[in-house]
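Biologist: Could you walk me through the reasoning behind the terms you use for this model?

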Amino acid sequence: MITIEVKNLVKNYGKIEAVKGISFNVNEGEIFGLIGPNGAGKTTVLRIISTLLKINSGSIKIMDYDIEKDADKIRKIISYLPEDAGAYKNLTGRSYLQFIANFFDPKKNQQMVEKGIEIADLDERIDDRVDTYSKGMMRRLLVGRALMINPKLAILDEPTSGLDVINAQEIRKLVKNTAQAGTTILLSSHNMLEVEYLCERIALISEGKIVEGGKPKDLMNKYNANNIEEVFTKVVKQ
Ligand code: ATP
């Protein structure tokens, strides 16, 4: 089953052509990574798939839904973690998760909050106000928020950015387990080790176009590279 089908996607911001005709598919339960230099268009693609930005041309289907016609239905089955997300600063971590869970099925929202708390793993700090959290603690809370709702598709923009090694590893394990439990994951990352560890397939975006893509192992073979960082450098400098 295909969860995301993107065909000839074009997105302009005024005169800036951010995405210049991108096509790719993501299969159900897969972890798919978008990588590329700063300004390549990754966040734009993720925001479009999250229904937050309109497209100029092309088409996108999420499961059986069309992104332009069925945005409301899509919003119910996806979860988006923005790159620079924050939470309501005057709430505690727990009350923030509760606030978000209240938008969903009342029968399930306590279960959701508990799952969010477990994912965030902030111990007693979950009852402190969000404005006392460090950057990494905030990120963990937001990953908890994004994954606690059991989305069919989670869209994670640099999920481990700003996290220390141990925290980043934990989040990666969590992302992997979430995919194993059936959630499809589309993520972006500048961390090539992360991409290699997590992603079944990747697409390398440069200047608004997909310039390379496939399974990390196959790409390393193709470019005679020891890791994805080498592949990245070779492709982007071509
Ligand atoms: P990074 O790795 O730095 O986060 P990215 O690959 O996510 O970059 P985007 O944020 O999608 O890249 O940006 C793609 C292009 O679109 C860039 O040229 C950027 O300047 C431009 N852009 C993004 N958002 C806007 C906006 N709101 N208005 C105008 N131009 C924008």
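Here is our talk about the ligand and a pair of helices.

Modeller: This is a predicted model, where local features need pLDDT of at least 70 and side-chain atom pairs count only at pLDDT 80 or more, while totals for chains, interfaces and linings use all residues. Residues are numbered from 1 along each chain as its sequence is written, and side-chain values use heavy atoms, with hydrogens and water left out.

Biologist: What makes a pair of atoms from H190 and the ligand a polar contact?

Modeller: The cut-off is a pair of N or O atoms within 3.5 Å. A polar side-chain atom of H190 is 2.9 Å from a ligand oxygen, so the pair qualifies. For G39, a polar backbone atom lies 2.8 Å from an oxygen atom of the ligand, and for N38 a side-chain N or O atom is 2.9 Å from one.

Biologist: Which residues come nearest to the ligand?

Modeller: Among the 13 residues around the ligand, these are G39, K42, T43, T44 and H190. A residue is near if one of its heavy atoms lies within 4 Å.

Biologist: How do you describe the way α4 and α5 pack?

Modeller: Two packed helices are described by the angle between their axes and the distance between the axes. The axes of α4 (residues 109-120) and α5 (residues 135-148) come within 8 Å and cross at roughly 140°; angles run from 0 to 180 degrees between N-to-C directions, with axes fitted to C-alpha atoms over the stretch in contact. Contact, meaning heavy atoms within 4.5 Å, involves residues including M112 and I119 of α4 and L141 and L147 of α5.

Note on methods: A polar contact is a pair of N or O atoms within 3.5 Å; within protein, one must be able to donate a hydrogen and the other to accept it, and residues adjacent in sequence count only if both atoms are side-chain atoms. Helices (H or I, at least four residues) and strands (E, at least two) are DSSP runs, numbered from the N terminus.
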